[in-house]
Amino acid sequence: MSEVKPRMAIAYHFFKDFDTTAQVYNRIRKTYDGPLSLAEDFMVWNVTKDDIKVRLAVTEEHTWSPPLTRPAVPPGKDDPATFAKKRGLPVEAIGYSDFIAGGKWNVDHVLRPIYEEASKAVGREFPYPET
């Protein structure tokens with residue numbers, strides 16, 4: 001931050017809590033003495049050519065989803081092909097790379113019992129999604 005000399009330095013992706021913030025702040029201040037924000041959820045920066053205002057957005061955390069304007073439709077098997085065609089891409093380009101797909105981790109042995117336990121506790125069948 002001292003090298004770049006930003007109009008507003010922003011520290012983010014750390015666990016900002018009452019017992020960590022001071023340590024993070026003090027360590028940054030050992031080498032940087034310019035404008036600084038320790039970012040957190042809902043923090044907003046209003047940037048103009050003359051000023052930067054930092055504030056927290058006012059939000060309502062306990063909300064209900066608005067009603068749908070039409071029935072929800074699950075994705076169809078032909079959706080990737082339709083999307084590829086619209087974008088002028090080969091259908092093979094749509095989806096996960098071999099690298100990403102190779103990282104799939106089978107956690108059925110963990111999730112299945114959760115579905116079974118929830119079904120028993122609530123008295124309603126929660127079918128385990130089959131892939």
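## Reading the labels on this model

Visitor: Why does Lys16 count as partly exposed?

Guide: Lys16 has a relative accessibility of 29%. Buried means under 20% and exposed means over 50%, so a value in between is called partly exposed. This is a predicted model, by the way.

Visitor: What makes Lys16 and Glu40 a salt bridge?

Guide: Their side chains meet at 2.7 Å, N to O. The cut-off is within 4 Å, for a Lys or Arg nitrogen and an Asp or Glu carboxyl oxygen, so the label holds. Glu40 is partly exposed too, at 36% relative accessibility.

Visitor: Why can you say that this pair ties together parts that are apart in sequence?

Guide: Lys16 sits in the loop between β1 and α1, while Glu40 sits in the loop between β2 and β3, so the bridge links parts 24 residues apart in sequence.

Visitor: How many salt bridges does the structure hold?

Guide: There are 2. Asp51 also pairs with Lys53, with the closest N and O atoms 2.8 Å apart. That is again within 4 Å, so the pair qualifies.

Visitor: Asp51 and Lys53: which is exposed and which is partly exposed?

Guide: Lys53 has a relative accessible area of 52%, so it is over the 50% mark and exposed. Asp51 has 33%, so it lands in the partly exposed range.

Visitor: How do you know that Ser119 is buried?

Guide: Its relative accessible area is 13%, and buried means under 20%, so Ser119 qualifies. Ser119 belongs to helix α4, residues 108–122. Leaving out residues up to four places away in sequence, Ser119 touches Arg124, Glu125 and Phe126.

Visitor: Which residues make up the largest nonpolar core?

Guide: That core has 6 residues: Ala9, Ala11, Ile28, Tyr32, Leu36 and Leu38. β1 and β2 are the elements that give two or more residues to this core. Ala11, apart from neighbours within four places in sequence, contacts Ile28, Leu36, Ser37, Leu38 and Ala39.

Visitor: What makes the phi of His13 worth a look?

Guide: Phi of His13 is near 60°, a positive value in a residue other than glycine. Most residues other than glycine have a negative phi. His13 lies in the loop between β1 and α1, and its 78% relative accessibility is over 50%, so it counts as exposed.

Visitor: And how do you know that Tyr96 is exposed?

Guide: Tyr96 has 71% relative accessibility, over the 50% cut-off, so the label follows. Tyr96 forms a nonpolar surface patch with Phe99 and Ile100, with about 460 Å² of accessible area together.

How values were computed. Residues numbered from 1 in each chain as written. Predicted model: local features only at pLDDT ≥ 70, side-chain atom pairs only at ≥ 80, totals over all residues. Heavy atoms only, no water. Core = buried A, V, L, I, M, F, W, Y, C linked by side-chain atoms within 4.5 Å. Buried < 20%, exposed > 50% of the residue type's maximum accessible area, 1.4 Å probe, protein only. Helix = DSSP H or I, 4+ residues; strand = E, 2+ residues; numbered from the N terminus. Contact = heavy atoms within 4.5 Å. Patch = residues over 30% accessible without salt bridge, like charges linked within 9 Å, V, L, I, M, F, W, Y side chains within 5 Å. Areas by Shrake-Rupley, 256 points an atom, 1.4 Å probe, with all protein chains shown as cover.
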